[in-house]
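Subject: A structure for you to explore

Hi there,

Here is the structure I promised to pass on to you. Have a look at it first, and then read on for what turned up in it.

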Amino acid sequence: MGLAAIQVARHVGAIPIATTRGPGKKQRLLDAGAAHVIVTDEEDLPARIKEITGGEGVRLAFDPVAGPGVETLAQGIAPGGFLVVYGALDPRPTPLPRAQSFPALTSSTYTLFEITTDPERLRRAVAFVNAGLASGSFAPIVDRTYDLADIAEAHRYMEAGGQVGKIVVTVSHDATTA
C-alpha cells in the first residue's frame, strides 16, 4: 500500500514522505519515488515531519498500523489535516489522536468497501487508476515471485517483512494436463 500511496501522491502533484522502521528499506523507498524517507527507529517522526515541511506538518497521513502510534503520527499533521487509518497491524487499542488538545485534525478509518459498494465512487476510482496506468504514473512493483510449490518459502519471506513491493505466487500450467 505504501508504494501505491507514493505513486498516487506523485500523480496528483503531492510530495510523498514515506516511513519505515529500519534503515534497510530507505533507499528502495527513495528509488520508488518517495521524496523523503523517515526511519522511525532512528528519527523523531513528528520533528522530522516538521523539518521537511518547514514547520507546517503534513496535510494527509495514511496509517496501516493503528494502535498507540497514531498519537505520534498525529503530532506531525498540520492543523486541518487528515489522518486515515486503513489497517490494524498493532492489536493494541487506538486512541483518539491528540484528544488532550482537540486540534483541528480529522481522522477516519477506511476500507475498500466504501468505494466498491458505491457505483459512482467505484466508477471515479476506476477512471483515476486507469488514467494513472495510462500515463505511466502507476506501475505495480513486484519484490519477488515464487512458484506455488514454494508457497512456504514465500510465506516465510513475507513474515520476515523485508519486501518492498508485492510478493507474487505463480501457478505453472502444464499444457498436457489441461
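One definition to start with: a residue is called buried when its relative accessible area is under 20%, exposed when it is over 50%, and partly exposed in between. Glu51, at 59% relative accessibility, therefore counts as exposed. Please keep in mind that this is a predicted model.

**The overall picture**

The protein chain has 7 helices and 7 strands. Following the sequence, you will meet them in the pattern α-β-α-β-α-β-α-β-β-α-α-β-α-β. Taken along the principal axes, the C-alpha atoms fill a box of roughly 65 × 40 × 30 Å. The chain has 178 residues, and 25% of them count as buried. About 11400 Å² of the protein chain is exposed, with carbon and sulfur atoms supplying 59% of that area.

**Inside: the nonpolar cores**

Which residues touch the most other members of the largest nonpolar core? They are Ala61, Ile77 and Leu83, out of 13 residues in that core. At least two residues of this core come from each of helix 3 (45–52), strand 3 (58–63), helix 4 (69–74) and strand 4 (77–85). There is also a second, separate core of 7 residues, with Ile6, Ala18, Ala34 and Val37 among them.

Leu83 is a good residue to click on. Leaving aside neighbours within four places in sequence, its contacts include Ala61, Val70, Leu73, Ile77, Pro97 and Leu105.

**Outside: a nonpolar patch**

Some nonpolar residues sit on the surface instead: Val8, Val12, Phe128, Val129 and Leu133 form a patch there, with about 380 Å² of accessible area together. Helix 6 (residues 119–135) gives the most to this patch, with 3 residues. Leu133 is in helix 6, and its relative accessible area of 45% makes Leu133 partly exposed.

**Salt bridges**

A search of the whole structure finds 6 salt bridges. One of them joins the side chains of Arg28 and Asp143, at 2.8 Å from N to O. Arg28 lies in helix 2 (residues 26–31) and Asp143 in strand 6 (residues 142–147), so this pair ties together parts that are 115 residues apart in sequence. Is each partner buried or exposed? Arg28 is partly exposed at 38% relative accessibility, whereas Asp143 is buried at 15%.

Glu51, the exposed residue from the start, forms a salt bridge with Arg48, with the closest N and O atoms 3.2 Å apart. These two residues are 3 apart in helix 3, so about one helical turn separates them.

Asp90 forms a salt bridge with Arg92, the closest N and O atoms being 2.6 Å apart. Glu43, Arg48 and Glu51, for their part, are joined into one network by salt bridges that share partners.

**The loop after strand 4**

Asp90 is found in the loop between strand 4 and strand 5, and it is buried, with a relative accessible area of 13%. Beyond its neighbours within four places in sequence, Asp90 is in contact with Val65, Ala66, Gly67 and Pro68.

Gly87 is found in the loop between strand 4 and strand 5 (105–109). With a relative accessible area of 25%, Gly87 is partly exposed. Setting aside neighbours within four places in sequence, Gly87 is in contact with Asp63, Pro64, Val65 and Ala66. The C-alpha atoms of Gly87 and Asp63 are separated by 6.9 Å, although the two residues are 24 apart along the chain.

Enjoy exploring!

How values were computed
Residues are numbered from 1 along each chain as its sequence is written. This is a predicted model: local features need pLDDT of at least 70, side-chain atom pairs count only at pLDDT 80 or more; totals for chains, interfaces and linings use all residues. Side-chain values use heavy atoms; hydrogens and water are left out. Patches are made of residues with over 30% relative accessible area and no salt bridge: like charges are joined within 9 Å, nonpolar side chains (Val, Leu, Ile, Met, Phe, Trp, Tyr) within 5 Å. Accessible areas come from the Shrake-Rupley method with a 1.4 Å probe; for residues, only the protein chains shown count as cover. A salt bridge is a side-chain nitrogen of Lys or Arg within 4 Å of a carboxyl oxygen of Asp or Glu. Helices (H or I, at least four residues) and strands (E, at least two) are DSSP runs, numbered from the N terminus. Buried means under 20% relative accessible area, exposed over 50%, partly exposed in between (1.4 Å probe, protein chains only). A nonpolar core is a set of buried Ala, Val, Leu, Ile, Met, Phe, Trp, Tyr and Cys residues joined through side-chain atoms within 4.5 Å. Contact means heavy atoms within 4.5 Å.
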